[in-house]
Amino acid sequence: MNICVFCSAYSLDARYTAPAAEFARLLGEGGHTLVWGGSDAGLMGLLADEVKAAGGKLVGIMVELLKHKGYRGADELVMTRDLAERKAELAARADAIVVLVGGLGTLDEVTEVLELKKHGLHDKPVVVLDTEGFYTGLRTQLERMDAEGFLPRALGELITFAETPEQVFEQLKA
Ligand SMILES: C/C(=C\CNc1ncnc2c1ncn2[C@@H]1O[C@H](COP(=O)(O)O)[C@@H](O)[C@H]1O)CO
């Protein structure tokens with residue numbers, strides 16, 4: 001499976017990096033391909049290192065603007081002109097999307113895939129690894145949208161939340 005991962009480009013402490021590394025190990029050992037932003041920065045770089053060490057393949061979708069942070073050692077590195085083209089390419093290459101902890105870039109990416117899914121433009125699973133309850137606020141907001149009629153589909157059809165890396169893969173199989 002080609003698994004697109006959105007996650008932080010910053011270096012984080014072990015309570016965030018350890019579950020991400022475990023997720024990466026399961027991805028690599030499962031024979032999957034990581035499709036990601038193609039950077040060696042922060043958690044993005046750690047994820048790629050761990051997937052590679054576990055035998056998985058790496059497909060990086062880079063953007064001109066950030067090419068100085070490109071990951072050396074990807075099986076394929078695709079260069080896109082701008083962030084919009086990169087987001088489209090990331091989604092197009094994926095069979096499933098997994099969201100790890102991240103900041104505004106990650107939030108922008110997950111929001112876009114959910115908006116496209118809302119409109120029926122794809123039906124790929126979107127699973128959030130909710131490490132340390134990092135996404136409690138996002139989940140609460142989405143649940144309110146669901147309960148108060150802001151979503152055309154049930155929230156559970158758009159996105160699911162996992163507490164552990166193992167649960168992410170169980171939800172991708174379901
Ligand atoms: C932090 C530094 C450079 C950032 N480099 C990036 N390279 C590739 N992709 C990136 C970068 N920054 C953001 N992205 C994309 O957004 C997500 C991460 O953003 P966040 O704000 O950290 O959550 C990630 O999924 C990427 O696709 C300088 O060292």
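Three exercises on a predicted model follow, each with a worked solution.

**Exercise 1. The ligand shell**

Task: Find which residues come nearest to the ligand, and which helix gives the most to the shell around it.

Solution:
- Start with the shell. There are 18 residues around the ligand, and Gly37, Ser39, Gly102, Gly103 and Gly105 come nearest.
- Next, assign elements. Helix 2 (42–53) and helix 4 (104–118) each give two or more residues to the shell.
- Rank them. Helix 4 gives the most, with four residues.
- Last, sort by chemistry. The shell holds eight nonpolar, eight polar and two charged residues.

**Exercise 2. Helix 1 against helix 2**

Task: Describe how helix 1 and helix 2 pack, and name the residues that make the contact.

Solution:
- Take the geometry. Helix 1 (residues 14–29) packs on helix 2 at about 35°, and the axes lie 7 Å apart.
- Add the hand. The crossing is right-handed.
- List the contact. Helix 1 supplies Thr17, Ala20, Ala21, Ala24, Arg25, Leu27 and Gly28. Helix 2 supplies Leu43, Leu46, Leu47, Glu50, Val51 and Ala53.
- Classify the contact residues. Nine are nonpolar, two polar and two charged.

**Exercise 3. The two sides of helix 7**

Task: Work out why the buried residues of helix 7 line one face.

Solution:
- Pick the buried positions. In helix 7 (residues 165–173) they are Pro165, Val168, Phe169 and Leu172.
- Look down the axis. The buried residues of helix 7 fall within an arc of 90°, so they line one face.
- Recall the helix repeat. With 3.6 residues a turn, residues three or four places apart in an α-helix point the same way.
- Check the other side. There Glu166, Glu170 and Lys173 are exposed.
- Find the partners. The buried residues of helix 7 pack against helix 1, strand 5 (96–99), strand 6 (126–129) and strand 7 (160–162).

Conventions: Residues are numbered from 1 along each chain as its sequence is written. This is a predicted model: local features need pLDDT of at least 70, side-chain atom pairs count only at pLDDT 80 or more; totals for chains, interfaces and linings use all residues. A residue is near a molecule or strand if its C-beta atom, placed from the backbone, lies within 6 Å of it. Ala, Val, Leu, Ile, Met, Phe, Trp, Tyr, Cys and Pro count as nonpolar, Asp, Glu, Lys and Arg as charged, and the others, Gly among them, as polar. Axes are lines fitted to C-alpha atoms, for helices over the stretch in contact, and angles run from 0 to 180 degrees between N-to-C directions. A crossing is left-handed if the near helix is turned anticlockwise from the far one by less than a right angle, and right-handed if clockwise. Two residues are in contact if their C-beta atoms, placed from the backbone, lie within 7 Å. A residue is buried if 20 or more other C-beta atoms lie within 10 Å of its own, exposed if 12 or fewer, and partly exposed in between; C-beta atoms are placed from the backbone. The arc is that of the directions from the helix axis to the C-beta atoms.
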